[in-house]
Amino acid sequence: MESGPPGGSGPAEPGPRLRGWRGADAAASASSLSRFGAEAGCRAPAVAAVLPAGGCGERMGVPTPKQFCPILERPLISYTLQALERVSWIKDIVVAVTRENMETMKGIIQRYQHKRISLVEAGVTRHRSIFNGLKVLAEDQPNCRLSKPEVVIIHDAVRPFVEEDVLLKVVTAAQEHGASGAIRPLVSTVISPSADSCLDHSLERARHRASEMPQAFLFDVIYEAYQQCSDYDLEFGTECLHLALKYSHIKAKLVEGSPDLWKVTYKRDLYAAESIIKERISQQVCIIMDTKEDEEHVGRCLEEMLKTELNVHFLDYESVPFGQKMEKVMQIREFAKEAKKRNILLSGLLIYFPQEEQKLRESLRQGATIIAALIKERNSGLIGQLLVA
């Protein structure tokens, strides 16, 4: 049984050859931006992303910057990069990180095999970090693999749950209007206190929205805004849409975002993020079985019992002598050790497969219970072990 982070994949060297039952639809989103371009009667724009990741996590109250805090033994920023990498039409991802954390970031990229990532040194403020990222994309030097995009996405390194549909909405809106950003309804009413800490006035909550990430811009719009930006705005500002309005006179198109766009800010947010990631992992389980029977029937039975969509594969062990099967088991154990380096936990599960339907369902029910426990606990001590249902 294999479970990994949402959209995660195992190491490049697989064990036994697999026959797939479900999961081919996962790559179906690759041409979404191209489809948009065709529908709009134009070619799809070149898109890049900039992630400011130079924060120190002061509000979180922990010594490790929050973007590097581990969730299920994996740094938070790695989940965010993974979410962006799943979107095939984002050509380049530039991460702005402080000099003292540059080697840490390089290690994360290498360990989790992130692709299309370029690093740039962060500035002392959020806006200066973003500006540094934009400068690298604007240089367009012959020896540099980066090229100037038509549209740039700006996203927070500590918002790991961004989905492709939101990214697509802000990019298409930015292409039409010059700038775009995700928004969410206000949860609490905003009030303004007077100098003596008494209520001065409050805002009508229904008329206002919270500005979230991601945001997207025509590259020239936001880059020119940063080039004109005052030192005060670079030091104390946080809102990129405001810079586009103030310096490039572009009114951003606002796009309704999803509830998952919240930002990991405080220590308690780490536990909330872990809960969401565990829930998503439970929806990305891969069941690997060795059987000659009706594989689709077995897969659907397990899916029904676990109440989640599964990826089910079956080992093609037909007519393989027992000794060779044991060699395959040992191979899977070694494979599991390598997979753990990418936060993917692999375990073996042997399920009794009687001909009688009732006994089969009971055997599968026991297997489903074991699988659910493995998902919930994520006990790394069980990786590579052969369990019996």
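The exchange below concerns salt bridges and burial in a predicted model.

Student: What conventions apply to the numbering and the atoms used?
Tutor: Residues are numbered from 1 along each chain as its sequence is written, and side-chain values use heavy atoms, without hydrogens and water. As this is a predicted model, local features need pLDDT of at least 70 and side-chain atom pairs count only at pLDDT 80 or more, whereas totals for chains, interfaces and linings use all residues.

Student: Which parts does the salt bridge between Arg-145 and Asp-92 tie together, and how many residues apart are they in sequence?
Tutor: A salt bridge is a side-chain nitrogen of Lys or Arg within 4 Å of a carboxyl oxygen of Asp or Glu, and the side chains of Arg-145 and Asp-92 meet in one at 3.1 Å, N to O. Arg-145 lies in the loop between helix 4 (126-139) and strand 8 (151-154) and Asp-92 in strand 6 (residues 90-97), helices (H or I, at least four residues) and strands (E, at least two) being DSSP runs numbered from the N terminus. The pair therefore ties together parts whose separation in sequence is 53 residues.

Student: Is Asp-92 buried or exposed?
Tutor: Buried means under 20% relative accessible area, exposed over 50%, and partly exposed in between (1.4 Å probe, protein chains only). Arg-145, at 48%, is partly exposed, while Asp-92, because its relative accessibility is 3%, counts as buried.

Student: Which residues are linked with Arg-159 in a network of salt bridges?
Tutor: Arg-159 forms a salt bridge with Glu-212, with the closest N and O atoms 2.7 Å apart, and both residues are buried. The network links Arg-159 with Arg-126, Asp-156 and Glu-212.
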